[in-house]
Amino acid sequence: MARLQREAYGRTWPNWSINLDYHFGGYARSTPELERFAAEHGVERVYVAKMLYGILDLARRGAFAPGTRVVAVVTGQPSTPVDA
């Protein structure tokens, strides 16, 4: 990622990270816990649920300072309809 930042912007930013702790068994895999989370929050059950679960878990663990703005980017169209 640092190389891509340097190539695109000529510099890197230290205020981001990639966390690999919330894979729930690997690529496209899920667990009953993740399935429950996705159903409870009405989100796509694998990729979006993994990201949001991880962000919320990190927040509960105090990984973000109070007042920190967290941006979660969801790309693509949801495969699970969500009521507006």
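How many nonpolar, polar and charged residues does the lining of the largest pocket have, by class? The exercises below treat this and related points.

The model is predicted, so local features need pLDDT of at least 70 and side-chain atom pairs count only at pLDDT 80 or more, while totals for chains, interfaces and linings use all residues. Residues are numbered from 1 along each chain as its sequence is written, and side-chain values use heavy atoms, with hydrogens and water left out.

**Exercise 1. Describe the largest pocket and its lining.**

Step 1. A pocket is, on a 1 Å grid over the protein atoms alone, an open set of points where a 1.4 Å probe fits, with protein on both sides within 12 Å along at least five of seven lines; lining residues have an atom within 4 Å of a point.

Step 2. The largest pocket holds about 750 Å³ of space. Its lining comprises 21 residues, of which Ser17, Ile18, Asn19, Met51 and Ile55 are the closest to the centre. The volume is the space filled by probe spheres set on the points, which are joined across faces, edges and corners.

Step 3. Sorted by class, the lining has twelve nonpolar, seven polar and two charged residues. Here Ala, Val, Leu, Ile, Met, Phe, Trp, Tyr, Cys and Pro count as nonpolar, Asp, Glu, Lys and Arg as charged, and the others, Gly among them, as polar.

**Exercise 2. State the secondary structure and locate the residues with positive phi.**

Step 1. The protein has three helices and zero strands, in the order α-α-α from the N terminus. Helices (H or I, at least four residues) and strands (E, at least two) are DSSP runs, numbered from the N terminus.

Step 2. Phenylalanine 24 lies in the loop between α1 (2-9) and α2, and alanine 28 is also placed in the loop between α1 and α2. Phi is near 50 degrees for phenylalanine 24 and near 65 degrees for alanine 28.

Step 3. Phenylalanine 24 is buried at 14% relative accessible area, whereas alanine 28 is partly exposed at 38%. Buried means under 20% relative accessible area, exposed over 50%, and partly exposed in between (1.4 Å probe, protein chains only). Of the 84 residues of the protein, 19% count as buried.

**Exercise 3. Identify the salt bridges and give the setting of each pair.**

Step 1. The whole structure contains three salt bridges, each a side-chain nitrogen of Lys or Arg within 4 Å of a carboxyl oxygen of Asp or Glu.

Step 2. Arginine 3 pairs with glutamate 7 at 2.8 Å. Both residues lie in helix α1, four residues apart, about one turn of the helix, and both are exposed.

Step 3. Glutamate 35 pairs with arginine 45 at 2.7 Å. Glutamate 35 is in helix α2 and arginine 45 in the loop between α2 and α3, so this pair ties together parts ten residues apart in sequence.

Step 4. Arginine 61 meets aspartate 57 at 2.8 Å, N to O. Arginine 61 is exposed at 64%, whereas aspartate 57 is buried at 11%.

**Exercise 4. Which backbone nitrogen atoms does the side chain of glutamate 44 reach?**

Step 1. Glutamate 44 is in the loop between α2 (32-41) and α3 (47-60). Glutamate 44 is buried without a salt bridge, and the nearest side chain of opposite charge, arginine 45, is 6.2 Å away.

Step 2. The side chain of glutamate 44 has a polar atom 2.7 Å from the backbone nitrogen of tyrosine 47. The backbone nitrogen of valine 48 is likewise reached at 2.7 Å by the glutamate 44 side chain.

Note on methods. Lys and Arg count as positive and Asp and Glu as negative; His and the chain ends are not counted. A polar contact is a pair of N or O atoms within 3.5 Å; within protein, one must be able to donate a hydrogen and the other to accept it, and residues adjacent in sequence count only if both atoms are side-chain atoms.
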